[in-house]
Amino acid sequence: MRSLKTAFFTFFMILPFLALANITPPSATSGPLYTHLATAQPIWAKNGMVASQEALATQAGVDILKQGGNAVDAAVAVAFSLAVTLPRAGNLGGGGFMLVHLAKENKNIAIDYREMAPAQTHRDIFLDENGDPDAKLSRDHGLSVGVPGTVMGMELALTQYGSMSMAQVTRPAINMALNGIIMTPDLAHSLTSAKKRLGRWPSTEAVFYKKDGSHYQIGERFTQPELAHTLSLIAQKGSKGFYQGETAKKIVAAVTKAGGVMTLDDLQEYQAVERAPVEGSYRGYQVVSMPPPSSGGVHIIQMLNILEHFPMDKLGLNTASSIHLMSEAMKRAYADRSEYLGDPDFYNVPVETLTNKAYAKTLASKISFDNVTASNDIKPGDLAPYESNQTTHYSIVDRWGNAVSNTYTLNFSYGSGLIAKGTGVMLNNEMDDFSAKTGVPNGYGLIGGHANAVEPKKRPLSSMSPTIVMKDGEPYIVTGSPGGSRIITTTLQIIMNVIDHHLNIAEATIAPRIHHQWLPDEIRVERSLNPDTIQLLEDQGHKVSIKNTMGSTQSIIMTEHGFTGFSDLRRSGSQTLGY
C-alpha cells in the first residue's frame, strides 16, 4: 500500500513539470550570453579570469595572466596576496587544497597541502585532567597550531606546473604588505570584531592595531612590513625561506612560548603531496574534486550519484520537493562522512565504494518522495568536529584552457589568533579539526570519529572542496567555497543550479542555499528561501531552521562565448575580473 501511495504521489507531483518538458531554458553554454530570462548577469572575459574573495588579490592574479603567466602562476600570486589583504583566511601559516587542470596534457592534479600534526602530538593531547576534551587547547593555544602547508603547496604547484619564478609571483603581495593597502570596510569591521581575541597576543596586536591600541579606520593605509620581509625570504629562497632559517625559528619560538610542541624538524620535514583527484559523473558531465583528507569531493559525488535517480530539473529550483530530496541525499552522505573519512595515509578510506553508482542506487531506493527519514533511522556514526566558516576559495582560468580551483584556510577566523613575532605570519588552529576524543560527545554535541583521531604527522579531515566540472573533456565549471561543513552542500548546489536548472553562474550563485548534515536533524536554510516552501517542508515533517548565509563561492564557467564568472555577494569585498 505504501509503495502504491508513493507511486501516485510521485506521478502527480511531477506531472506539471512533465508538461513543461518541451520548454527547456537555455543552458549556460548555449544561446546568447545575456538573456532577459536571467535574474542576474555574470562577468565576462575573453582571455582569462580570476574570481576571489578579495578585490586586490583578484587584480594581482589578473595582472599575472596579462603578463603571460598561466593559471597556476596566477593562483600562487593570489594565494600570497590574500595573506596580505584577507588575513582572517588568506595565509602563509595555514594550509589547503589545490585542484589543477592542465589543458595540453588533459590532466587533472590534486595538491594536498593540508596542515600536519607535529611529531610530538599524541592521541590524548587535547584532554584535560579528567580525560575530557578541552576546547581551549585545540583552538586558542600553541597546541592548536598544525605544521603549515601553504608555502610548500604553492612552491610545488609553481615548480611543477607554473611558468614564472617565485620572485615574480610574490611581488604583488610584497608590494602590498610593504607599501600598504587601504583599509576596506570589510577588513576594518573584521579586525574590530576580532579585537578581543586577537588582542590576547601582543605580537598580533602590534600588527593589526595602532600603538595606542586603537583601530585602523576605513580609508587609512595599513602596512605589514614584517610580513613583507617574510614574503621576500620566500621570493629569494622558495620554501626554504619559510621552513628553515629565521622565519622557521621565529614560528617555533612563538608556538613553544604558547605551549605548543612544534619543532624545527616538523617544519623542515613537511611535504605537500600530489594525489589523484576523486572523479565521478553527473548527467553526462565529469566531476573532478579533492580526495581525502578532504571529505568534500567524495561526498559531492556521492550526493550527485543519489540525486541522479530523481528528475531534479522537472521538480524545479528550491521547490519543497527538490529540497526534500536533496536533504535526504545529504543526510546519507554526511552519515557516511562521520565514520569513513580521514587521512588516507593513516586510514583506508573506502573512496571507490562511497562514490560507486551502485551504492548510490541502493541509497536512493530508500528515499521516499513523501516521507522524511529521521536521521536516527539512517545510520548512527561518529561525527567529525566543528569546522569554522572562515576559509577562502578562488578560481582561475587562463587563455590556454588551464584551470585552478583552490581552497585554503587558517580554520577559525584568524586561526589561533597568534602571529609569530617578527614574521607577520598568522598561525592556524587546524588541530581543532581532529577528533579530540573518539566515541564521546564534544562541546557541540557531536561525536569524535576514529578515522580522524589525533596522531603524529597526520593531516586532519576537511570539508574543503575545490571542484572542476568537465564537459566533453574540457573544464566547464570551476568552483568552490568556504563554509566549514557547508562547503560540500554549497558546492553541490552550484553544480546542480547550472546543470539541472540551467542557470547562468550569477544566478546559480545568488540562489538561496540549504544544508543538512545528518545531525542535528534539521534543514538549515537562508532567510531568502520562500516562506511558503519552508511551510511545505515543515508540513511534510522536516525541521527547518533559518540560519546565517552559507558559503562564498567564487566560480567561473567556460562557454563558447568566453569566460563568465561571479563572486558571491554573501561576503563583502569579493571580485571577479578578467581580460
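Trainee: Where does glycine 149 lie?

Mentor: Glycine 149 sits in the loop between α4 (135–139) and α5 (150–161). The labels come from DSSP runs, numbered from the N terminus: H or I over at least four residues for a helix, E over at least two for a strand. Bear in mind that this is a predicted model, where local features need pLDDT of at least 70 and side-chain atom pairs count only at pLDDT 80 or more, while totals for chains, interfaces and linings use all residues. Residues are numbered from 1 along each chain as its sequence is written, and side-chain values use heavy atoms, with hydrogens and water left out.

Trainee: What makes glycine 149 count as buried?

Mentor: Its relative accessibility is 0%, so glycine 149 counts as buried (buried is under 20% relative accessible area, exposed over 50%, partly exposed in between, with a 1.4 Å probe and protein chains only).

Trainee: And which residues does glycine 149 touch?

Mentor: Leaving aside residues up to four places away in sequence, glycine 149 touches Gly94, Gly95, Tyr113, Glu115, Tyr243 and Tyr270. Contact here means heavy atoms within 4.5 Å. For a longer-range marker, take serine 463: it is 314 residues from glycine 149 in sequence and 17 Å away in space, C-alpha to C-alpha.

Trainee: How do you know that phenylalanine 97 is buried?

Mentor: Its relative accessible area is 0%, which puts phenylalanine 97 in the buried class. You'll find phenylalanine 97 in strand β3 (residues 95–102). Phenylalanine 97 and isoleucine 125 are 28 residues apart in sequence, and their C-alpha atoms are 26 Å apart.

Trainee: Over to the helices. Why is α14 called oblique to α16?

Mentor: The axes of helix α14 (residues 296–307) and helix α16 (residues 320–340) come within 9 Å and cross at roughly 140 degrees. That angle makes α14 oblique to α16 (under 35 degrees is roughly parallel, over 145 roughly antiparallel, 65 to 115 roughly perpendicular, and the rest oblique). The axes are lines fitted to C-alpha atoms, for helices over the stretch in contact, and angles run from 0 to 180 degrees between N-to-C directions.

Trainee: What is the handedness of the crossing where α14 passes α16?

Mentor: α14 passes α16 in a right-handed crossing: right-handed if the near helix is turned clockwise from the far one by less than a right angle, left-handed if anticlockwise. On the α14 side, the contact is made by His299, Gln302, Met303, Ile306 and Leu307; on the α16 side, by Leu325, Met326, Ala329, Met330, Arg332, Ala333, Asp336 and Arg337.

Trainee: How do the residues of the contact of α14 with α16 divide?

Mentor: Into eight nonpolar, two polar and three charged. Nonpolar covers Ala, Val, Leu, Ile, Met, Phe, Trp, Tyr, Cys and Pro; charged covers Asp, Glu, Lys and Arg; the others, Gly among them, are polar.

Trainee: Why are α16 and α19 oblique to each other?

Mentor: α16 packs against helix α19 (residues 486–499) at about 140 degrees, with the axes 12 Å apart. An angle like that therefore makes α16 and α19 oblique to each other. Their crossing is right-handed. Met326, Met330, Tyr334 and Arg337 of α16 meet Ile488, Thr489, Leu492, Gln493 and Met496 of α19. By class, that contact has six nonpolar, two polar and one charged residues.

Trainee: How many aromatic pairs does the structure hold?

Mentor: Eight aromatic pairs. Rings of Phe, Tyr and Trp (its six-membered ring) pair if their centres lie within 6.5 Å; planes under 30 degrees apart are stacked, over 60 edge-to-face, and the rest tilted.

Trainee: What makes the pair of phenylalanine 208 and tyrosine 414 edge-to-face?

Mentor: The ring centres of phenylalanine 208 and tyrosine 414 are 5.7 Å apart and the planes stand at 65 degrees, so the pair is edge-to-face. Phenylalanine 208 is in helix α9 (residues 202–208) and tyrosine 414 in the loop between β11 (403–409) and β12 (419–420), so the pair ties together parts 206 residues apart in sequence. Ring pairs also link Phe208, Tyr216, Phe222 and Tyr414 into a cluster.

Trainee: How do you know that tyrosine 414 is buried?

Mentor: A relative accessible area of 1% makes tyrosine 414 buried. Its phi is positive, about 65 degrees, although tyrosine 414 is not a glycine.

Trainee: What makes tryptophan 518 count as buried?

Mentor: Tryptophan 518 has 1% relative accessibility, so it counts as buried. Tryptophan 518 is in the loop between β16 and β17, with a positive phi near 80 degrees. Proline 520 is found in the loop between β16 (514–515) and β17 (523–525), and the peptide bond from leucine 519 to proline 520 is cis, with omega near 0 degrees.
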